Amino acid sequence: MSFNDIFKSSFLESVSEFSIVDTLLGMAIALVIGLFIFVIYKKTLAGVMYSSGFALTLVGLSLVTTLVIMAVTSNVVLSLGMVGALSIVRFRAAIKEPVEIVFLFWALATGIVIGAGMIPLAIIGSVIIGVILLLFANRKIHSNPYIFVLNLQNEQTEAEVMAVLEKAVAHSVVKSKTVSPAGIELTAEIRTKDASTAFVSEVYDIPGVDSATLVSYNGEYMA
């Protein structure tokens, strides 16, 4: 055995050739689209709990997925090994908003499409998705959902409160009503006509209203 035979490796001999230009071009486009997804995420985020870490993950996910797909498409053996390796990986992350799942799949799909060489599809598809999300997000801003919790003394007070709500808000529906010797606890889902919440003070001034609490409502009602 010669000195050169010691350093011979089947792994080194099986390294596939790749185009540096194509790699840089694909990664650059993945970065641009990833930043576009990042911007759309910031503009369409409904809640106040903005996560900079999650936003950065969207950019990184586009780049990493692009790199993986480029490697897989260049070597059939590597693609089979990659499937086995990724099948044992488990990810656990807290999703605060359901729409964040859309952004995760968007970033993944972008990386897959760019890595497969279908760059025009990635660009056109991302622009369409971004425009649709912006349109629906801006439309949602005009509707402000809340949960209104009231402690009332009697049924007459309840009728007066509902009359005020009918005029002050765009939509209201009773979610729960608890009657006890202490009075009535009423929980209603309401949607305001605008960002104003002055009607809360108007309701509280009604005789027989012990307390009035307005809570931001995210669409998940807990009975």
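In this predicted model, the side chains of Lys177 and Glu155 meet in a salt bridge, with an N to O distance of 3.1 Å. Because Lys177 belongs to strand β2, which covers residues 169-180, and Glu155 belongs to helix α8, which covers residues 155-168, the pair ties together parts that are 22 residues apart in sequence. Both ends of this contact have some accessible surface: Lys177 is partly exposed, at a relative accessible area of 38%, and Glu155 is likewise partly exposed, at 44%.

Lys177 also meets the side chain of Glu158 in a salt bridge, here at 2.9 Å from N to O. This pair again links distant parts of the chain, with Glu158 in helix α8 and Lys177 in strand β2, 19 residues apart. Glu158, however, counts as buried, since its relative accessibility is 13% and the cut-off for that class is under 20%.

A further salt bridge joins Lys175 to Glu189, whose closest N and O atoms are 3.4 Å apart. Lys175 lies in strand β2 and Glu189 in strand β3, which spans residues 183-192, so this pair ties together parts that are 14 residues apart in sequence. Here Lys175 is partly exposed, with a relative accessible area of 35%, whereas Glu189 is buried, with a relative accessible area of 10%.

Taking the contacts together, a search of the whole structure finds 3 salt bridges. Through salt bridges that share partners, Glu155, Glu158 and Lys177 are joined into one network. In general terms, side chains of opposite charge can pair when their charged atoms come close.

Technical notes. Residues are numbered from 1 along each chain as its sequence is written. This is a predicted model: local features need pLDDT of at least 70, side-chain atom pairs count only at pLDDT 80 or more; totals for chains, interfaces and linings use all residues. Side-chain values use heavy atoms; hydrogens and water are left out. A salt bridge is a side-chain nitrogen of Lys or Arg within 4 Å of a carboxyl oxygen of Asp or Glu. Helices (H or I, at least four residues) and strands (E, at least two) are DSSP runs, numbered from the N terminus. Buried means under 20% relative accessible area, exposed over 50%, partly exposed in between (1.4 Å probe, protein chains only).
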